Amino acid sequence: MQEDQACPLCMGKAECWVEDFGNRLHFFCERCGEFEVSRKVKDLLSTSQAMRDSSLQKVQAAPPNTFAEFTFRFGTGIALEYQQKRNPGS
Ligand SMILES: [Zn+2]
């Protein structure tokens with residue numbers, strides 16, 4: 001399912017795919033790149049410019065063929081993992 005959403009990092013126009021029964025949002029932003037956030041993380045990012053800046057750096061530091069995935073963990077806050085990109089067309 002595709003939603004029209006603003007990029008949670010730069011507030012620009014981005015493509016957004018909803019995954020995991022609506023719990024996670026996968027963004028393709030022309031400026032920031034490809035990344036995935038949970039709904040909780042998206043809410044948190046909207047409250048803090050510092051958090052958006054540091055998250056953008058992590059998105060842009062992703063190793064080749066991976067994207068940054070941000071999830072919220074109680075106790076530790078936002079957790080980052082780099083995930084392999086899915087093969088287009090598979
Ligand atoms: Zn963006």
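Let's start with how much of this protein is tucked away: buried residues make up 22% of its 90 residues. Keep in mind that what you're looking at is a predicted model.

Now for the overall layout. The protein has two helices and six strands, and if you read along the sequence they come in the pattern β-β-β-β-α-α-β-β. The radius of gyration is 12 Å, close to the 12 Å that the globule rule gives for 90 residues, so the protein is as compact as a globular protein of that length. Along the principal axes, its C-alpha trace spans about 35 × 25 × 25 Å. As for how the chain meets itself, take the contacts between residues at least 6 apart in sequence: 30% of these join residues at least 24 apart.

A good place to zoom in is strand 5, which covers residues 66-73. It pairs with strand 4 (residues 33-38) in the parallel sense, over three bridges. To find your way along this pairing, look for Val37, whose bridge partner in strand 5 is Phe70.

Strand 5 also pairs with strand 6 (residues 77-84), this time in the antiparallel sense and over eight bridges. Here you can spot Glu69 standing opposite Glu81 of strand 6. The two strands form a hairpin with three residues between them, and in that hairpin Gly75 takes a positive phi near 95°.

So is strand 6 hidden away or out in the open? Of its eight residues, the number buried is zero, so strand 6 lies largely in the open. A residue would need 20 or more other C-beta atoms within 10 Å of its own to count as buried.

Definitions and conventions. Residues numbered from 1 in each chain as written. Predicted model: local features only at pLDDT ≥ 70, side-chain atom pairs only at ≥ 80, totals over all residues. Pairing = 2+ DSSP bridges. Helix = DSSP H or I, 4+ residues; strand = E, 2+ residues; numbered from the N terminus. Buried ≥ 20, exposed ≤ 12 C-beta atoms within 10 Å, placed from the backbone. Rg over C-alpha atoms; globule rule 2.2 N^0.38 Å. Contact = placed C-beta atoms within 7 Å.
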